[in-house]
Amino acid sequence: MNHMSDVLKKFCRAANYLSAAQIYLQSNTLLAEPLKADDIKPRLLGHWGTCPGINFTYAHLNRAIIAHDVDMMFVLGPGHGFPAVQANLFLEGTLSKYFGEIPRNTAGISHMAKKFSWPYGYPSHSNPEAPGVILEGGELGYSLSTSYGAILDNPNLVVACLVGDGEAETGPTATAWHLNKLIDPATNGAVLPILHLNGYKISGPTFMGRMSDDELRALFYGYGYEPHFVDAYTEEDVHARMMEVMDTAIEAIRFTQHCAREGTLQENPRFPMIVLRTPKGWDSIDYIGDQKIEDNHYSHQVIAVNAKTNDSERAQLEEWLRSYRFNELFDGENFDADIQSLIPREGRRMGDNPHARGGDPCYKPLSLPAIENYSVTGTCNLNDPICGTESGMEKIGHYLRDIMRDNAANRNVRLMSPDETYSNKLDAVFEVTDRAFVWPHKEWDKNLAWDGRVLEMLSEHSLQGMLQGYVLTGRHGVFVSYEAFVQIVASMTDQYAKFLKIARDVKWRGTIPSLNYILTSGAWRQEHNGFSHQNPGFIDGVLQRQGCFTNVYFPADANTALVTFNRMMASTKEINVLVGSKRPLPIWRSLEEAKKDVMDGISVWKFASDEDPHVVFSAAGDYPTLEALAAMSLVRKYAPAVRMRFVNITSLSVLGIGNSQCRVLRHDFEHYFTEDKPVIVNFHGYPQTIKQVLFDYVDDTRRFVIHGYEESGSTTTPFDMMVRNRVDRFHLAMEAFAKAAEQGVIAETEAQELIASFQERLAEHRAYVVEHGEDIAEITNWVWEQR
């Protein structure tokens, strides 16, 4: 066994001891005295089984960083292995750098161990308060895609991604292996996947853990990787083998990148990956009673769980902890010189990699073109607001094209979409870039290149993970999706929101861009695809996130969409969702009006409003706004005595109506909605979503009537989708007639006659669409009439 193997074994002994001490010990942390019951924590929390493999990997990555001077980040898939991460952060000195209460001495070890998995201490999983962490890994499946996002446009960065074999069973991980096909080695860094096969999940074996090397080699070679195997069960010197494989992997990465950058790479790049087999709970307790612990699922979490109360288990725990001979490695103030030799120099430590912190030098704000050059102008005025019709998505596409052009030198903005850039009317970006695709091209392929700023893949999970990795390392992006199918990543968004909520308050984490979504092809224009494509529920989860960092925008026209997108791309440390249509719709607002609408989140549209209204109409969303205004036109035509106000809601946050800067409503709620008049709300999403917002503003919500998506859908006509969910102009107008009659503005009989007449029109509409397959011309060709 060579000397470096001995050095690596020492490092692993130290890291393993520190990992175990965090799980078990609240005092006597260095075992200076015999282990007593009082030394053991009252609640043993944590996961031991994966820690030895993590420590083994971290030690070897440190050696490779030193040997090859690699700029490297570490992303851990199984976040429950955090005791190992924290142990290595302690060993390399990063923990002490950011936490003064954890000096790199005995006192620091005692504090770290006592506070691990302790109330108001340190969490049991990877978390944003830990240096170097960009993924919590509580919900498994996202380490590989997050890693690929981090290396985009970071040509010198290598991300070592440790994928657990339990995590490898998840759908998101299965698709993420394909992300190598989007990575141009000439312009991006590299991911070094390390598949850690310790054989077991929490209560049984893993699939890949029971696959043979030949099966795994075929699988990952087919994915496009060059697999290398390190097997702790069969290698005489597993450290020597891991050193050999690690050196080969780093050299292969650099050779591939060199060839790509000098223009001599003519075939598919085949990057290395490592398959690492180790026992679960490696080198710990073999058996407790007749229960096999090491190399079995029983070592997944806490072993010797009864050590505080059971003398026999406590004796086994002590024997195990002392087997690391930590006292030979640490004298109370300093670690052994061999261990010190495996600590990379300042600027090369994985836990202190600047890419994982955000801020300078990784974050650069975008150079954003002036939106005045893109807005729609016309002859609109107070009496005739229509400035033409435009697609909000097309306007955003033109704007995003020029953002990419103006920031080309910084290479810090990307568009991610599941094969929908054309469909969603954003194809103007292809005037300045292409879709990344590194695998073979056909001569008839369109807008494909090895180096493209658009990433398309029919895996929302992979795109979300890449965007998170890209944003958390300081770069800008937008995820565009069909509204119904962004729900696929709702849980990932929730996990990211939890990470962001904490990270925003971590003082050493720098500025990062916001995570931006555009949801288009919404329910109201998915009449052709049917019920499966109609689901506005994603916004519900976003609006549940607590804190001043979530926004959901409902721009009513292209000008407002443009202003909204500009604000989103300039913002930092937020989650923004823009919900908009890709089809041309009326331009209701001038650019200056749109700016004010987006700033305030709500506005009274004067061109549609009367003084001292009897009824207030309100809408959030482009099609709901159009139908609300059409309903008001009908009411004015058939019941001119009814005075009305129109209130447009542009944005919602968890705090209510308005934006996420904790400035909700520029004026009092009653300024917009009056103190006591009935309010008819036409909402883009589920009615209950807006109801819970109103709950915070009014004690008695009975004067509010909410219309929204009611899960009534099919393949039908666009207007019939509105009718089926009662968000159409006729249902809204009938509501207004009834509310006006209740106040005596019109007679009850007149209201009933009007309602009966409109019900007949709805019946005629249904008969017409059944016979002709399209909407009535008066609906399709409707325009706002001057007052």
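In this predicted model, the axes of helix α17 (residues 558-570) and helix α18 (residues 591-600) come within 9 Å and cross at roughly 50°. That angle makes α17 oblique to α18. The crossing of α17 past α18 is right-handed. If you would like to find the contact on screen, look for N559, T560, V563, T564 and R567 on α17, and for L591, A594, K595 and V598 on α18. Sorted by class, this contact has 4 nonpolar, 3 polar and 2 charged residues.

Now to the sheet. Its 5 strands form an open sheet with parallel pairing, in the order β1-β2-β3-β5-β4. Which strands stand at the edges? They are β1 (71-76) and β4 (226-231); each has a single partner strand, so one side of each is left without a neighbour in the sheet. From one strand to the next, the twist averages 20°.

Two helices can be placed against this sheet. Helix α2 (residues 51-68) packs on it and touches β1, β2 (157-164), β3 and β5. The direction of α2 makes about 170° with that of β1. Helix α6 (residues 143-151) lies across β1, β2 and β3, and runs at about 175° to β2.

Strand β3 deserves a visit of its own. With β2 it runs parallel, and 7 bridges join the two. Here V159 stands opposite V191 in β3. Strand β3 (residues 190-197) also pairs with β5 (residues 272-277), in the parallel sense and over 4 bridges. On that side, I194 has I274 in β5 as its bridge partner.

How many residues of β3 are buried? The count is 8 of the 8, so β3 is largely enclosed by the rest of the structure. The side chains of A190, L192, I194 and H196 point one way, those of V191, P193, L195 and L197 point the other way, and all are buried.

Finally, here are three loop residues that you may like to pick out. The table gives the relative accessible area of each.

| Residue | Burial | Relative accessible area |
|---|---|---|
| N105 | buried | 17% |
| W118 | partly exposed | 23% |
| E333 | partly exposed | 49% |

N105 is found in the loop between α4 (94-98) and α5 (106-115). At a relative accessible area of 17%, N105 falls under the 20% limit and therefore counts as buried. Beyond its neighbours within four places in sequence, N105 is in contact with F90, F330, G332 and E333.

That last partner, E333, has its place in the loop between α11 (326-329) and α12 (337-340). Leaving aside neighbours within four places in sequence, E333 is in contact with R104 as well as N105. E333 and A32 are 301 residues apart along the chain, and their C-alpha atoms are separated by 14 Å.

W118 lies in the loop between α5 and α6. Is W118 buried, partly exposed or exposed? Its relative accessible area of 23% lies between the limits of 20% and 50%, so W118 is partly exposed. Apart from neighbours within four places in sequence, W118 is in contact with Q26, K41 and P42. W118 and R43 are 75 residues apart in sequence, and 8.7 Å apart in space from C-alpha to C-alpha.

Key:
Residues are numbered from 1 along each chain as its sequence is written. This is a predicted model: local features need pLDDT of at least 70, side-chain atom pairs count only at pLDDT 80 or more; totals for chains, interfaces and linings use all residues. Side-chain values use heavy atoms; hydrogens and water are left out. Two strands pair if DSSP finds at least two bridges between them. Axes are lines fitted to C-alpha atoms, for helices over the stretch in contact, and angles run from 0 to 180 degrees between N-to-C directions. Contact means heavy atoms within 4.5 Å. Angles under 35 degrees count as roughly parallel, over 145 as roughly antiparallel, 65 to 115 as roughly perpendicular and the rest as oblique. A crossing is left-handed if the near helix is turned anticlockwise from the far one by less than a right angle, and right-handed if clockwise. Ala, Val, Leu, Ile, Met, Phe, Trp, Tyr, Cys and Pro count as nonpolar, Asp, Glu, Lys and Arg as charged, and the others, Gly among them, as polar. Buried means under 20% relative accessible area, exposed over 50%, partly exposed in between (1.4 Å probe, protein chains only).
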